[in-house]
Amino acid sequence: MRRILWFRRDLRVRDNPLLSFEGEVLPLFIFDPAILDELSKDDKRMGFICHHVQHLKQELQERGLDLAIFYDTPKRVFETLAPLGFDEVVASGDFDTYAMARDREISHLLPFRLVKDTYVFNPDELLKKDGTPYLVFTPFYNAAKERFTPLHVKECVPATQTLFPYMYTAFDKDVLGFNAPTPTTLDPHYALERFALEHYLSARDFMAQEGTSRLGVHLRFGTLGVRELLRHLATQKKEGVNTEPFFRQLMFREFYAHLLFHFPSLETQNFRYSFQGVPDVALHQAFCEGKTGVPIVDAGVRELLQTGFMHNRVRMICTSFYTKHLLLPWQWGERFFAAHLLDYDRASNALSWQWSAGTGVDPQPYFRIFNPYTQSAKFDKDAVYITRFLPELRDTPAKTLHNEAALFESNHATYPKPIVKHKEAREKALAHFERLR
Ligand SMILES: Cc1cc2nc3c(=O)[nH]c(=O)nc-3n(C[C@H](O)[C@H](O)[C@H](O)COP(=O)(O)OP(=O)(O)OC[C@H]3O[C@@H](n4cnc5c(N)ncnc54)[C@H](O)[C@@H]3O)c2cc1C
């Protein structure tokens, strides 16, 4: 058999199902202009991807293979390759709307086989007894635990493959025209070693601590396979570590992919309720620049802009503030996160924004409104996280940073007063949602 191995969200050789097909292969990666054209020239993800594409090419070369790299639309690439006598294209499943439409188009040019890699479960593998998709996380999670077997995480054994003769030129990332610095979070195994899984449950909500794995970007681009991560969990479990809380979060990732697969419109449209938010460019701008005057919100946005990461609890606080206190359309905020998160994933991001806005499948409705001040007092008591990203507030006592009234009274030279009052904004949001639901 002669196959094209299309690497996409699986930029690694270790435990990669694409390498378990015997025969002649043409491994390739495509820089797709439909995706690239939407990115800013200093997009941090491009630094990450370019590094890992180069690394993948080297690893394949060490196995006697190589990686052909294209800068073109997948359609044109496969139109060029189709006459060369390939039996099939093999790629790992990718389930957002764009990816599925793209794959459908390619399947008209060459036989197309999807293999399971990005997720533990295929998005249609866990369904309710009546064959319909789960809409609530807990039953989905229970089904996942029930159906999970060691086969789901079995390591893929590499097969004997020979390289199809083609032009495997050196990778020149400069032709892409990006100038992003390479992020520091490059080695997934280093991240995994540093991560204290045993403290995950107690530490994960405290944003100043490194209590979470920071593996999101690696799972996003497959530089760490989810099967390998789960095998690591199994080893830890045998050593007595409570791995369930972390497994649960990984299943949220599966749940969101499952939802988007079954309800593609959730990428941009509410699942429930008709409220859409009130467009206000100035408020959106203040949020995106980290200038709302609410320290925990601004620190979160600055963390995102500086590093490409935002701590999960801070993501929840910021998005609640954006959709409830500022009453802005969640889709605008979602696009802002999409532009800056290294671990950006269409399903997790859109569904999490809908969760915060109260418009999603979540049975907890729109009236969940976080108080950003009590949140920061609880999870960043000494304001270590806040002042890490807002150094201009280093001389302000932590108590003031968690106290709205004190912030309104303080006359800081370079940091603004809050742009909204919590109580008033909360009441306004509730009235707005009541009216439109
Ligand atoms: C508004 C909002 C937007 C988000 N956008 C994204 C996104 O674009 N991409 C993304 O991967 N996650 C997103 N998340 C989920 C979560 O915040 C990140 O996965 C997590 O912060 C990544 O850090 P970590 O790798 O240290 O996570 P850990 O806590 O170490 O979790 C391990 C992995 O589990 C998965 N995971 C953990 N929590 C969640 C969750 N709540 N939902 C889905 N998957 C989860 C991720 O793959 C994560 O890397 C979003 C959450 C919110 C509230």
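**Exercise 1. Describe how domain 2 and domain 3 are placed and how they meet.**

Step 1: take the distance. The C-alpha centres of domain 2 and domain 3 lie 27 Å apart.

Step 2: fix the bounds. The assignment gives domain 1 (1–118), domain 2 (119–157 + 186–262) and domain 3 (281–436). Such bounds come from an automatic or database domain assignment. Residues are numbered from 1 along each chain as its sequence is written. The model is predicted, so local features need pLDDT of at least 70 and side-chain atom pairs pLDDT 80 or more, while totals for chains, interfaces and linings use all residues; side-chain values use heavy atoms, without hydrogens and water.

Step 3: list the contact. Domain 2 gives 18 residues and domain 3 gives 24 residues. Contact means heavy atoms within 4.5 Å.

Step 4: state the area. About 1,900 Å² is buried between domain 2 and domain 3, and carbon and sulfur atoms give 65% of this. Buried area is the accessible area (1.4 Å probe) that two parts lose on being put together, summed over both.

**Exercise 2. Characterise the largest pocket.**

Step 1: define the term. A pocket is an open set of points on a 1 Å grid over the protein atoms alone, where a 1.4 Å probe fits, with protein on both sides within 12 Å along at least five of seven lines; lining residues have an atom within 4 Å of a point.

Step 2: give the volume. The largest pocket holds about 1,300 Å³ of space. Volume here is the space filled by probe spheres set on the points, which are joined across faces, edges and corners.

Step 3: find the lining. It has 50 residues, with Gln 249, Phe 252, Tyr 256, Asn 312 and Ser 352 nearest the centre. H10 (244–262) is among the helices that supply at least two residues. The largest share, nine residues, comes from H10. Helices are DSSP runs (H or I, at least four residues), as are strands (E, at least two), numbered from the N terminus.

Step 4: sort by class. The lining has 23 nonpolar, 15 polar and twelve charged residues. Ala, Val, Leu, Ile, Met, Phe, Trp, Tyr, Cys and Pro count as nonpolar, Asp, Glu, Lys and Arg as charged, and the others, Gly among them, as polar.

**Exercise 3. Explain where the second largest pocket lies.**

Step 1: give the volume, about 920 Å³.

Step 2: count the lining. It has 38 residues; Ile 35, Leu 39, Arg 45, Ile 49 and Arg 220 lie nearest the centre.

Step 3: place it. Domain 1 and domain 3 both give lining residues, so the second largest pocket lies between them.
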